[in-house]
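Trainee: I would like to go through this structure term by term. Please justify each label as we go.

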Amino acid sequence: MQTFITQSYAQTVALGEKIGRTLKGGEVLAFFGGMGMGKTAFVTGVAKGMGIDCEVSSPTFAIVNVYGKNAELCHFDMYRVDSWEDLDSTGFFEYMDAGSVLCVEWSENIENALPKDAVRITIELGNTENERIIHIDGWEGKA
């Protein structure tokens, strides 16, 4: 497991961007952490690192936002998903089978559906309002 500390939104985006540059397609990035911890900021960076020029927004009400010309990045919010039927209706499995990179917020709600090789990213509040402690498990790159 690797641990990073960011001091701002921009630094969290930059860390996501470094990871995004290493992705080939088919990876699942499973995010854990409370509301307002910077999960969407991190995904913004992932998109940038993948070369996807878009405005990333939280998929809270849409459940999934798809980015890229060929759905290269799928950003899920599983906050309201509490059954296999709910999960299946999101398109989660279809996007995974298609080789998209999946960024999954509130992964604790679908823990049993995550692939064994999912990259687990836990974000928690640090010592100041803007500081974030980010633990990344399952990613072998260097940031």
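Mentor: What follows takes the sheet, the helices and one buried side chain in turn. Keep in mind that this is a predicted model.

Trainee: What makes the sheet an open, mixed one, and in which order do the strands run?

Mentor: There are 7 strands, in the order E1-E7-E6-E2-E5-E4-E3. The sheet is open, and the pairing is mixed. E2 and E6 pair in the parallel sense over 4 bridges. E6 and E7 pair in the antiparallel sense over 6 bridges.

Trainee: Why are E1 and E3 said to stand at the edges?

Mentor: Strand E1 (2-6) and strand E3 (64-67) each have a single partner strand, so one side of each is left without a neighbour in the sheet. From one strand to the next, the twist averages 15°.

Trainee: How do you know that E2 and E5 count as paired?

Mentor: Pairing needs at least two bridges. E2 and E5 have 3, in the parallel sense. The cut-off is met, so they pair. Leu-29 stands opposite Cys-103 in E5. Towards E6, Phe-31 stands opposite Ile-121.

Trainee: What do E6 and E7 form together?

Mentor: They form a hairpin, with 6 residues between the two strands. Thr-122 has His-135 in E7 as its bridge partner.

Trainee: Now the helices. How are H1 and H2 arranged?

Mentor: H1 (residues 9-20) packs against H2 (residues 39-49) at about 45°, and their axes are 6 Å apart.

Trainee: Why is H1 called oblique to H2?

Mentor: Set the angle of about 45° against the limits. Under 35 degrees would be roughly parallel, and 65 to 115 roughly perpendicular. The angle falls in neither range, so H1 is oblique to H2. The crossing is right-handed.

Trainee: Which residues of H1 and H2 make that contact?

Mentor: H1 contributes Tyr-9, Thr-12, Val-13, Leu-15, Gly-16, Glu-17, Ile-19 and Gly-20. H2 contributes Ala-41, Phe-42, Thr-44, Gly-45, Val-46, Lys-48 and Gly-49. By class, the contact of H1 with H2 divides into 7 nonpolar, 6 polar and 2 charged residues.

Trainee: Where do the two helices lie on the sheet?

Mentor: H1 lies across E1 and E7, at about 145° to E1. H2 packs on the sheet and touches E2, E4, E5, E6 and E7.

Trainee: What is the direction of H2 against E4, and what is that called?

Mentor: The angle is about 175°. Over 145 counts as roughly antiparallel, so H2 is roughly antiparallel to E4.

Trainee: Why is H2 described as largely enclosed?

Mentor: Because 10 of its 11 residues are buried. Among them are Lys-39, Phe-42, Val-43, Val-46 and Ala-47. The cover over the buried residues of H2 includes H1, E2, E4, E5, E6 and E7. Just after H2, Gly-51 takes a positive phi of about 80°.

Trainee: Last, Phe-76. Why is it called buried?

Mentor: Buried means under 20% relative accessible area. Phe-76 has 0%, so it is buried. Its place is in strand E4.

Trainee: What is Phe-76 in contact with, leaving aside its neighbours within four places in sequence?

Mentor: Its contacts include Pro-59, Ile-63, Val-64, Phe-92, Tyr-95, Leu-102 and Cys-103.

Trainee: How far apart are Phe-76 and Glu-111?

Mentor: They are 35 residues apart in sequence. In space, the distance is 14 Å, C-alpha to C-alpha.

Technical notes. Residues numbered from 1 in each chain as written. Predicted model: local features only at pLDDT ≥ 70, side-chain atom pairs only at ≥ 80, totals over all residues. Heavy atoms only, no water. Axes fitted to C-alpha atoms, helices over the stretch in contact; angles between N-to-C directions. Left-handed = near helix turned anticlockwise from the far one by under 90°. Contact = heavy atoms within 4.5 Å. Nonpolar A, V, L, I, M, F, W, Y, C, P; charged D, E, K, R; others polar. Buried < 20%, exposed > 50% of the residue type's maximum accessible area, 1.4 Å probe, protein only.
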